[in-house]
Amino acid sequence: MPDQNKEETYRQIVEHIDDVLWACDIDMNLTYISPSVEKISGFTVEEKMAQSLEQRMTLPSLEKLKRITREQISNKTRATPASDWPIKCQLDLYRKGGSTYPVETIISFISDSKGGAVGLVGSHRDSSGSRQAEDVIRAIHEATLESDDEEFFSDLVSQLRKAFDVRYVFIARVEDNIVHTLAFCKDGNISKNFQYVLSGTPCENVVGKGACCYPNDVAARFPDDPMLTSFGVTSYMGTPIMDDANNVQGLLVLMDDKPVEGVEILQSALEIFAYRAKLELNRREVETRLVDSEAGYRALFDQSVNALFVLDQDGRFINVNDKVEDVFGYSPTEMSKVRTRDLLPDDPKHIQVLQTAFKTALSTGSVRFEISFKRKSGAIFPAEVTTSLIQVGDRKITQTMIHDLTESRQAQQDLLKLSRAVEASSSAVVITDLEGGIEYVNPKFTEITGYSSEEVIGKTTSLLSSGETPRAVYDELWEALRSKGEWKGELYDKKKDGSYFWCRNVISAVRNPDGEISYYVTIQDDVSYEHQLSEQLTYQASHDALTGLINRREFERRTELILLTLKQDQADHALCYLDLDQFKVINDTLGHAAGDELLRQLGSVLQKTTRQSDTLARLGGDEFAVLMERCSLENAQRVATSLLEAVRNHQFVWEGQTFTISASIGLVAINEATPTLLELLKKADAACYMAKDLGRNRIHAFHIEDTELAQRQGEMQWVSRIHRAMEKDQFTLYAQVIEPLKANTDYGALEEQFCLYAQSIDALETNASQHYELLLRLRGDKGEIISPGAFLPAAERYDLITQLDKWVVGETIRLMLRHPEFVKHTHFLAVNLSGASLAEESFLDFVIKALSDSRIDQEKICFEITETAAIGNLNAAQRFIKSVKALGCKFSLDDFGSGLSSFGYLKNLPVDYLKIDGMFVKAIVDDPIDFAMVKAINEIGHVMGMQTIAEFVENDEIKEKLREIGVDYVQGYGIAKPLPFEELVGQSFETT
């Protein structure tokens, strides 16, 4: 690789490495850190350089780093330099906000000539995420142009145009608000110079404000600038050229007809070339002053960028230029009193070197050597000395030029740091020639691929090819390199051991000063883990985590594909929808762990039963589905029967107990008559529910003429109607009296205008207050009142019931607040709740908040829950009752005796009222069994401290039988029919 391209090579490498590169002295004081530290940590380079070790990393990481470096340094010998042992470790660093982030750190030691460790260099890689940041580390070491002839400015603008691929570059002087170009390059050609007025141009901002960049739409910002319009300029970047007095003497400008990218690089480069242009302008100014002037030599002497001494043959200073003060710190007056040895370190060998060089100059006419000098402050710095013997008249004098090497040595050191950083990088770095021949690889390349540098140098990168990457990818790669100079992408390559790996590559072309591509630099990272993770995520996105079967999303996608092909192949297919019977009992009695294990086992059982061509999925909860492709309904019936038997025959064992389960299956044909996926799933769901309604543990095939399914689909239609009713506020409440059997009581007033229906609950004995049960009704579009039996089944089946319950609770509270007099004369209002709402945690939170936020007397509310709902959600019911009773509310257990009635459950349900199911009450006069059942329920309720309420009291005979038994309250059409609140309120006020 040509030496002049080394620095550009490292710059290209660093620009595509996501690592933070750093260097520090042996005491761990930072001497360099790359700009990408700001992107990762939030600290700027200056802030990071100013931090102590304690501010950079956590205490455990600090102690680890100190221990590792101390052990490594103590183990090194002169024969084994410290820099030959890179260290890898994990550290936790601080971000600017105070949080920490983990990094993978690789450290190498910098050794002196004796092998002792004098510093550290290394890299950090943010290991908190798998994806590398695409920002690169830039440490720009731009070489300045060295042309001193009349073509300097032309060469400068030409080089800039090539380097940054822009259409226009010019350098100009600024005099009296006029820009005078000194060189103008347009589309690669040097064009005629021009001048124009600064006012209203971006150049005016550069002169007044400093470097400016307008990456896009610059012409729109400066519509009065004729130059921008004439050249069709879109982007503009300019930097001032300052004189020694820090005044603007000129401009360096880049323009293009497309938006500019890489602004930071362009700006840094422009500043460097602006400084070089300043030197050239100064030089030309000096040359102008030298013409026909004896003072010219003195001007050149003083304007030199290096310190110049003129000495006699005895080594005494005759003259010095102004630069001496910048370099050594002594003024020209002070220099007259300074001896040569005062400028040298206190080491005698430096005096000997200087004396020997002076003698050589006297004998040979000139000498060049390197030596260290001492500034006035005492600081030591390296320098290159050029001494020439000059004949002036009849005497000889020596002119000595001192070139301070501090910056160049620093540049070399920085280059060394960059080189070491590349060696320590956690990304593989490969340098190839134009044909892909490998010229360099770093250690990380060996770690990733298994190939040593000796095995690959001189060979092409094709030795990594797995043969699995399409040829089109390589064609795209080379085309991008030829046209853009860069390619980013992933390749599927092969390691030395034959294993495959995915690698992310950034390949960049490195150009020589003529703009021609010299070689390519590749930054490569092994991203195989990311691909494995992506494949895993893809699998998880389409499969159920519990059973391993495909999930609902994937099942619906595959079914959609089948529906799309119906018209083309006209094949018969079928869909089987399977729902476990009483699965909730397993969950509630044995726990969710048992439920999950049962679902896992059934997933395996069902998978073995289906055909190879079938698609089995878990849709969620205890619901499964099978998509049977190219299968008639008759054959599908046989497969469904096998599935039913497989479930029925499966013995589930948990903690020594054996359980037998069953399933309900809905079957539907898929043919040209199937309109959409949604309709198909509705039919399958309806058929499954019909199987449950018919007794469970059976198969029901969907038929269009099924009256039962028609009813089920009618319930589905209620879903949209319920939503619409909520939006239009069409729900209302009725009330029915609950009459005490023990005495007459004052009737409270009920709501007007809300059409709130209520039914009274009457007491059968004396001194009992009036109760009311609130009943939900729906007001139809034509004003008709629709009973809950029409829409509640659909609301319960399609998870709308909790929304209705929330509306009822909120409406009840609102009415109570509006009618305090009614509340005052009423013992309580009974509000019905569904079992689904009891099991929903958010509904409990809603009720508590609604009651707590209101100003109502909470003892005036009695929540009614059915026996079956309470037992089916026993834990949830207990939690709900306990939480709400703590606020003062009462509870009533409705329909007791209708379902899984067991007096034992009452011990776990602290309700205040026990409501006897009307199916026993309505025949109590004629049926002695019903009479005995009501009597038993009443007695047990009283023993447990509950008051009893009998439903369906249709006449006085029933009422008197209940009084005989001792029932506390009665309710039914024989007592009072449910009425809207407005009617009950009116009646109440008339009687009072």
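This report describes two sheets, one cavity and several single residues of a predicted model.

## The sheet of E1 to E5

One open sheet contains five strands in the order E2-E1-E5-E4-E3, and the pairing is antiparallel. The strands E2 and E3 stand at the edges with a single partner strand each, so one side of each has no neighbour in the sheet. On average, and with direction ignored, neighbouring strands of this sheet are turned by 30° against each other.

The pairs in this sheet can be taken in turn. Strands E1 and E2 are joined in the antiparallel sense by three bridges, and Cys-24 has Leu-30 in E2 as its bridge partner. Eight bridges link E3 with E4, again in the antiparallel sense; here Leu-91 stands opposite Val-103 in E4. Between E4 and E5 there are nine bridges, also antiparallel. In this pairing Val-103 stands opposite Asp-126 in E5.

Two hairpins belong to this part of the chain. The hairpin of E3 and E4 has five residues between the strands, and Gly-98 in its turn has a positive phi of about 105°. The hairpin of E4 and E5 likewise has five residues between its strands, where Gly-115 takes a positive phi near 90°.

## The largest cavity

Rolling a probe the size of a water molecule over the atoms shows where empty space is left. A search of the whole structure finds four cavities of 30 Å³ or more. The largest cavity holds about 200 Å³ of space. It is lined by 21 residues, of which Trp-22, Arg-56, Met-57, Leu-93 and His-124 are the closest to its centre.

Which elements supply at least two residues each to the lining of the largest cavity? They are the strands E1 (20-25), E2 (30-33), E3 (87-94), E4 (100-111) and E5 (117-126), together with the helices H2 (36-41) and H4 (53-56). Strand E5 gives the largest share of this lining, with four residues. Sorted by class, the lining of the largest cavity consists of 16 nonpolar residues, one polar residue and four charged residues.

## The sheet of E18 to E22

A further open sheet of five strands has the order E19-E18-E22-E21-E20, with antiparallel pairing. Its edges are formed by strand E19 (438-441) and by E20; each has a single partner strand, and therefore one side of each is left without a neighbour in the sheet. Neighbouring strands of this sheet are turned against each other by 25° on average, direction ignored.

Within this sheet, strand E18 (residues 428-432) pairs with strand E22 (residues 517-526) in the antiparallel sense over five bridges. The bridge partner of Val-430 in E22 is Thr-522. Strand E20 and strand E21 (residues 500-511) run antiparallel and are joined by nine bridges, with Glu-490 opposite Arg-504 in E21. The hairpin that E20 and E21 form has five residues between the strands, and Gly-498 takes a positive phi near 90° there.

## The two faces of strand E20

How do the side chains of strand E20 (residues 486-494), which alternate, divide between its two faces, and which are buried? Trp-487, Gly-489, Leu-491 and Asp-493 point to one face and are buried. Glu-486, Lys-488, Glu-490, Tyr-492 and Lys-494 point to the other face and are not buried.

## Helix H20

Helix H20 covers residues 552-564, which makes 13 residues. At 1.5 Å a residue its expected span is 18 Å, and because its end C-alpha atoms are 18 Å apart, the two values agree. The buried residues in H20 include Glu-554, Phe-555, Thr-559, Ile-562 and Leu-563.

## Phe-583 and Gly-467

Phe-583 is found in helix H22 (residues 583-590). A residue under 20% relative accessible area is buried, and Phe-583, at 10% relative accessibility, therefore counts as buried. Twelve residues along the chain separate Phe-583 from Gly-595, and their C-alpha atoms are 7.6 Å apart.

Gly-467 is found in the loop between helix H17 (453-456) and helix H18 (471-483). Is Gly-467 buried or exposed? The cut-off for an exposed residue is over 50%, so Gly-467, with 63% relative accessibility, counts as exposed. The C-alpha atom of Gly-467 is separated by 8.6 Å from that of Lys-494, which is 27 residues away along the chain. Lys-494 belongs to strand E20 and is among the residues there that are not buried.

Technical notes: Residues numbered from 1 in each chain as written. Predicted model: local features only at pLDDT ≥ 70, side-chain atom pairs only at ≥ 80, totals over all residues. Heavy atoms only, no water. Buried < 20%, exposed > 50% of the residue type's maximum accessible area, 1.4 Å probe, protein only. Pairing = 2+ DSSP bridges. 1 Å grid on protein atoms, 1.4 Å probe; cavity = no way out; pocket = protein on both sides within 12 Å on 5 of 7 lines; lining within 4 Å. Points joined across faces, edges and corners; volume = space filled by probe spheres on them. Nonpolar A, V, L, I, M, F, W, Y, C, P; charged D, E, K, R; others polar. Axes fitted to C-alpha atoms, helices over the stretch in contact; angles between N-to-C directions. Expected span 1.5 Å × (residues − 1).
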